[in-house]
Amino acid sequence: MTTYDLIIKNGNIVTAESIVQGDIAIQNGKIQKVSIGQPLEGSAGREINAEGLHILPGLIDTHVHFNEPGRTEWEGLETGSRGLAAGGVTTFFDMPLNSTPPTINKANLDLKKACADEKSIVNPRFWGGLVPENINDLKELHENGVIGFKAFMSPSGIADFNHVDDETIFKGMKEIATLGSLLAVHAESTVICDQLAAEKQAQGKTTARDFVESRPIISEIEAVRRIISYAEATGCKVHVVHASSRKVVEVIQAAKDRGVDITVETCPHYLALTVKDLEEKGGLAKCCPPLRDEDEVEDLWVAVANGEINVIASDHSPAPASMKTITDNYFEGWGGISGAQSTLNILLTEGYFKRNLPLEKIVALTATNPAKLFGLENKGTIAEGYDADLAIVNLEESFELKNEDLFYRHQHSPYVGMTFKGKVQSTIVNGEVVFENGEITAKQKANA
Ligand SMILES: NC(=O)NC(NC(N)=O)C(=O)[O-]
Ligand SMILES: [Zn+2]
Ligand SMILES: [Zn+2]
């Protein structure tokens, strides 16, 4: 009789194509066998009875800022990756900024890799940065395995990660196209945002609504239109991160329709929170681009349902509470949402339960599409030969998110207090159960 490391029995196996009941056998970190319609034969060191539960490919969060090395007082690879594990996420792509030094050359990438090797309990991958100073470093970064390159079209809020001027974007895109890599962009217009913010502040207008109005949807659209033109001129593949509105997505869709190689991400906060939350929760709900109004949220769900969005990622960009406190000036305080642990909860509660978004689509947006788009072989679905990266979910269980449930360095999030339906019961990374019944069960990592 065949023996395996782990067998998961009778779960509802969800892929981007279907939901079927079956058994999964795992050996040496890989899915060795998926048995549908007949019980899997063999025994295992451990068996999980998943009757009544759903098994999803572990989420691939393509957009987090874990801030290590150098800014671990904001977050870190240990605490950040624990939060991911608790949320059913098995792979993350760390952004090149907010860590110090930023990931803009090979030496800095090596530092980050070493930290992740030591501390992360889920699979790490890294974005490289594109900044005005590092065009000559892109090739080496690419050769050392970065997912692609990330640039800011408006100031990043971080002194050692400059935003790109138009010449840099153009030159960078030419080089990235030659390398066969891709460029991810934070697309907001510096001119529009800076001018409007200056006007507002000069008039003493500093409310949440003023802040939101200083970064309007048209500012995203302007930057997106520009990057599309540059993509057409250079042939560089582009990925627009954190689109906050379907109006932005529509501009990208039109480019896709005429053959431009472009994709788009949105984030759970644009699907679950509004300007009202920013007014009520203050800095915890501050991000750039900012939260929008209710009608925009509903429209963005339509874009999700229609397949106009390629990827949903958290843009987890945490900071200590002291940096998130806003008393009356919303232009002050860190822009970035702490939320990576809750992505699946939000998509299940607000998408599947509230708006009939099929589970298969949730899997496509959070695992299958990211794996395909960014070239992760053997990840993103549940099939024989694939990596055993899985999230086991109880769709019947509801819970209210509490601060103490969060594994982040700073136990705060705009999602605290929300009631979610659908709870992650266990998370499996490369065949190892790293999270189970509310506890981290991964083998101890250094400093853990
Ligand atoms: N420096 C940041 O982490 N910025 C992030 N901040 C947000 N989204 O508010 C981002 O992705 O732009
Ligand atoms: Zn951004
Ligand atoms: Zn970000």
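Me: Where does N437 sit?
Reply: In this predicted model, N437 is found in the loop between β17, residues 432-436, and β18, residues 439-440.

Me: And what is its phi, and is N437 buried or exposed?
Reply: N437 has a positive phi of about 45 degrees although it is not a glycine, and with a relative accessibility of 59% N437 counts as exposed, because the cut-off for that class is over 50%.

Me: What about N10, what is phi there?
Reply: For N10, which is likewise a residue other than glycine, phi is positive and near 60 degrees. N10 is found within strand β1, which covers residues 3-14, and it is partly exposed, having a relative accessible area of 30%.

Me: Switching to the metals, what coordinates the zinc ion that is ligand 2?
Reply: The protein donors to the zinc ion (ligand 2) are H186 through ND1 and H242 through NE2, at 2.0 Å. H186 lies in strand β11 (residues 182-186) while H242 lies in the loop between β12 (237-240) and α8 (246-257), so the pair ties together parts that are 56 residues apart in sequence.

Me: Are those two histidines buried or exposed?
Reply: H186 is buried, with a relative accessible area of 4%, and H242 also counts as buried, at 2% relative accessibility.

Me: What geometry does the site of ligand 2 have?
Reply: The site of the zinc ion (ligand 2) is irregular, with angles of 56 to 144 degrees among its four donor atoms. As a reference, ideal angles for four tetrahedral donors at a metal are 109.5 degrees.

Me: OK, and which residues coordinate the zinc ion that is ligand 3?
Reply: The zinc ion (ligand 3) is coordinated by H63 (NE2), H65 (NE2) and D315 (OD), at 2.0 to 2.2 Å, and along the chain its donors follow the spacing H-x1-H-x249-D. H63 in strand β6 (residues 59-64) and D315 in the loop between β14 (311-312) and α12 (321-324) are 252 residues apart, and this pair links distant parts of the chain.

Me: Why is the arrangement around ligand 3 called irregular?
Reply: The four donor atoms around the zinc ion (ligand 3) subtend angles of 84 to 132 degrees, which makes the arrangement irregular. A tetrahedral label needs all angles to lie between 85 and 135 degrees, so the value of 84 degrees falls outside that range.

Me: What separation do the two zinc ions have?
Reply: The zinc ion (ligand 2) and the zinc ion (ligand 3) are separated by 3.9 Å.

Me: How buried are H63 and D315?
Reply: H63 counts as buried at 1% relative accessibility, and D315 is buried with a relative accessible area of 8%.

Me: Now ligand 1, which residues are closest to it?
Reply: Ligand 1 is surrounded by 15 residues, of which the closest are N98, H186, C288, D315 and S317. H186 is also a donor to the zinc ion (ligand 2), and D315 is also a donor to the zinc ion (ligand 3).

Me: Which polar contacts does ligand 1 make?
Reply: A polar side-chain atom of D315 lies 2.8 Å from a nitrogen atom of ligand 1, and a nitrogen atom of ligand 1 is 3.2 Å from a polar backbone atom of S156. On the oxygen side, an oxygen atom of ligand 1 is 3.0 Å from a polar backbone atom of G335. Taken alone, ligand 1 exposes 320 Å², and the protein buries 97% of that.

Me: What does UniProt list for K150?
Reply: The UniProt record, an unreviewed entry, lists K150 under "modified residue: N6-carboxylysine". In the model, K150 is placed in strand β10, residues 149-152, and K150 is buried, with a relative accessible area of 0%.

Me: Backbone again: which residues do the cis peptide bonds join?
Reply: One cis peptide bond joins E68 and P69, with omega about 5 degrees, and P69 is found in the loop between β6 and α1 (77-86). Another joins C288 and P289, with omega about -10 degrees, and the place of P289 is in the loop between α10 (275-281) and α11. C288 is also listed among the closest residues to ligand 1.

Me: Last one, where is G307?
Reply: G307 is placed in the loop between α11 (294-305) and β14, and it is partly exposed, with a relative accessible area of 46%. The C-alpha atoms of G307 and K361 are separated by 8.5 Å, with the two residues 54 residues apart along the chain.

Definitions and conventions: Residues are numbered from 1 along each chain as its sequence is written. Chains are lettered from A and ligands numbered from 1 in the order in which they are written. This is a predicted model: local features need pLDDT of at least 70, side-chain atom pairs count only at pLDDT 80 or more; totals for chains, interfaces and linings use all residues. Side-chain values use heavy atoms; hydrogens and water are left out. Donors are N, O and S atoms within 2.8 Å of the metal (3.2 Å for Na, K and Ca); water is not among the atoms, so sites may look incomplete. Four donors count as tetrahedral if all angles lie between 85 and 135 degrees; four count as square planar and six as octahedral if opposite donors are over 155 degrees apart and all others between 65 and 115; anything else is irregular. Helices (H or I, at least four residues) and strands (E, at least two) are DSSP runs, numbered from the N terminus. Buried means under 20% relative accessible area, exposed over 50%, partly exposed in between (1.4 Å probe, protein chains only). UniProt positions are given in the numbering used here, feature names are shortened, and annotations may be inferred rather than shown by experiment. A residue is near a molecule or strand if one of its heavy atoms lies within 4 Å of it. A polar contact is a pair of N or O atoms within 3.5 Å; within protein, one must be able to donate a hydrogen and the other to accept it, and residues adjacent in sequence count only if both atoms are side-chain atoms. Accessible areas come from the Shrake-Rupley method with a 1.4 Å probe; for residues, only the protein chains shown count as cover.
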